Amino acid sequence: MKKLIVRCVGAGVVLSTSLLWGETALAALSPDKNFGLDIKFTGQSEDDRDLGTRRGGDVLGLGLDVRPWFYGQRGNWSAFALGQAVTATDIIETDTLQSTDLGTESGSSGNNDRQPDKSYLALREFWIGYSGFTAYPGEELRLGRQRLRTDDGMWRDTNIEALNWTFDTTLLRAHLGAAERFSEYRTDLDELDPEDEDRLHLYGDISTQWQPGQWVGIRAHHSRDDGNLPSPGERVDELDKTSTGDLTWLGLEANSDAYNYRNQNPLNYWVSATWLTGDRDTLNTSTVGGQTIATGKQGGNVSAWATDLGIRLRLDPSWQVGAAYARGSGGGGDDGSGNYQQTGLESNRSNYTGTRSRAHRFGEAFRGELSNLQVATLFGSWQLREDYDASLIYHKFWRVDDKQPLGSSGVNARVNDNGVTRSLQNGEKDVGQEVDLILTKYFKEGLLPASMSQAIDEPSALVRLRGGLFKPGDAYGSDVDSYMHRVFVDAIWRF
């Protein structure tokens, strides 16, 4: 109860402060403001995220996602609010930032606090901005629930309550901020993802263009998780924490403006290296009478690393081909101290194929997290002016340590490994392979105003197909389905 009160008070402080600032700022806004309505139709087909190991796991449905938004600016002050109303025939994903835990096992033990509904209302963003600290047009301080995003999507790409300062100029880019999730702001979700509960994020990055089109930078992120693990003997459900700790990420990066689909470089590249250090406590459990019971915790120091490398060659103004490799370390003994994990704010979506369409770096179907995982990727892309684009992508996945688990992914199979139920079989590294296809048609009508073109993913109307076909490898054993797929068709229009 105490944690619930603290969380509610924290959410109220952020919301109340934002609204108070909002009244002050909006009182001075001129009639020249922007507001509108985004309408998104989504069709989803998915079979089978459990690879046939449990009941369910299939999705087939249509959804309507309506997002009213308001943006106002006068002088150095700005304000933005984005709502959402969703209704669907099945529990489908109309939002590419949706948490991967929704609609999987939630509610299997009688706890429905994170069981999504087919229809719900949500408040996606509400923030106040001030840009008067410097004379640079790309500088702004924002307070409230907002979209935090890095170009590669592998550090930050989420809507979260934050105090965030941005400095974005031709030669220098920087971000500095603090963030903590207090609520999902959805009518159907009463609890946070356990990973987000009582977790504070502090972050900063800076990069410079050392010569035209060539960027180099450093990044840092610290997360402090003050949550509690279940005590020995307590029953554990899906809304209990399974790990806590204080973790720090330090990273170096260099790229050729590779995530900017407008650049015409004949050769694009990206290189990043990240070190993870800190302390992590992991919950130990056992199954008794069909229930999961806490048996204690295992703590230790974390020392892990990750890298992401990519190259893309432009064959002509429309066609590009490329290759990429990513690795998140694994191992470190029984405590998994060498297992890398991402910040928890990532989406892993970016424009790495060179088109306007953002693709999942680790598969539209598999949706892996870079933890004890290595991925080799080949892709080709095509873009015709501002009207069409397409990407065809192939991924191959392996475990780094064949006895350690992977991080979270969009595949939730549970296989029998010598009488023990696991997500993967010990001694097997081959996780699988996948082919993705993304096709998009853009419409020049239905454009967002110029003032909002950088605030929302898609500045124009479109019709898009996103699909992935995943073939599980030896690590899933022989008693699983041969394939699983996840396919979306989205149609977006602006009013």
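Along strand β13, which covers residues 319-328, the side chains alternate between two faces: Gln320, Gly322, Ala324, Ala326 and Gly328 point to one face and are buried, while Trp319, Val321, Ala323, Tyr325 and Arg327 point to the other and are not. This pattern is read from a predicted model, and it illustrates a general point, since in a regular strand the side chains alternate between the two faces of the sheet.

Strand β13 has partners in β12 and β16. With β12, β13 pairs in the antiparallel sense over nine bridges, and the two strands form a hairpin with four residues between them. Within this pairing, leucine 313 has valine 321 of β13 as its bridge partner; valine 321 is among the residues whose side chains point to the face that is not buried. With β16, β13 also runs antiparallel, and here ten bridges join the two strands. Alanine 324, whose side chain points to the buried face of β13, stands opposite threonine 377 in β16.

From this one strand the view can be widened to the whole protein, whose secondary structure comes to one helix and 22 strands. Of the 495 residues in the protein, buried residues make up 52%. Among the contacts with a separation of 6 or more, 67% are accounted for by residues 24 or more positions apart. The accessible surface comes to about 22000 Å², and 56% of that surface belongs to carbon and sulfur atoms.

Another set of paired strands lies closer to the start of the numbering. Strand β1 (residues 34-47) and strand β2 (residues 59-74) run antiparallel and are joined by 13 bridges, with serine 45 having leucine 60 of β2 as its bridge partner. Strand β2 pairs in turn with strand β3 (residues 77-88), again in the antiparallel sense, over ten bridges, and in this pairing glycine 63 stands opposite alanine 88 in β3. The strands β2 and β3 form a hairpin with two residues between them, and glycine 75 in the turn has a positive phi of about 60°.

Returning to β12, which spans residues 291-314, we find glycine 300 within this strand. Glycine 300 counts as partly exposed because its relative accessible area is 25%, a value that lies between the limits of 20% for buried and 50% for exposed. Leaving aside residues up to four places away in sequence, glycine 300 touches Gly278, Asp279, Arg280 and Asp281. The C-alpha atoms of glycine 300 and glycine 278 are separated by 8.6 Å, although the two residues are 22 residues apart along the chain.

Strand β12 also takes part in enclosing empty space. Rolling a probe the size of a water molecule over the atoms shows where empty space is left. The structure holds six cavities of 30 Å³ or more, and about 80 Å³ of space lies in the second largest cavity. The residues that line the second largest cavity include Asp152, Trp155, Arg219, Ser272, Thr307, Tyr340 and Leu370. Strands β11 and β12 each supply at least two residues of this lining, and the largest share, three residues, comes from β12.

The charged side chains add a further layer to the picture. Side chains of opposite charge can pair when their charged atoms come close, and a search of the whole structure finds 32 salt bridges. In one of them, the side chains of arginine 49 and glutamate 46 meet at 2.6 Å, N to O, and both arginine 49 and glutamate 46 are buried. In another, arginine 224 and aspartate 226 meet at 3.3 Å, N to O; here arginine 224 counts as partly exposed because its relative accessibility is 40%, and aspartate 226 counts as partly exposed because its relative accessibility is 47%.

A further salt bridge, at 3.4 Å from N to O, is formed by the side chains of arginine 262 and glutamate 386. This pair links distant parts of the chain, with arginine 262 in the loop between β10 (243-255) and β11 (267-288) and glutamate 386 in the loop between β16 (373-384) and β17 (388-399), 124 residues apart. Arginine 262 counts as exposed because its relative accessibility is 52%, whereas glutamate 386, with a relative accessible area of 34%, is partly exposed. Elsewhere, salt bridges that share partners join Arg349, Glu364, Arg466 and Asp490 into one network.

Methods:
Residues numbered from 1 in each chain as written. Predicted model: local features only at pLDDT ≥ 70, side-chain atom pairs only at ≥ 80, totals over all residues. Heavy atoms only, no water. Salt bridge = Lys/Arg side-chain N within 4 Å of Asp/Glu carboxyl O. Buried < 20%, exposed > 50% of the residue type's maximum accessible area, 1.4 Å probe, protein only. Contact = heavy atoms within 4.5 Å. Areas by Shrake-Rupley, 256 points an atom, 1.4 Å probe, with all protein chains shown as cover. Pairing = 2+ DSSP bridges. 1 Å grid on protein atoms, 1.4 Å probe; cavity = no way out; pocket = protein on both sides within 12 Å on 5 of 7 lines; lining within 4 Å. Points joined across faces, edges and corners; volume = space filled by probe spheres on them.
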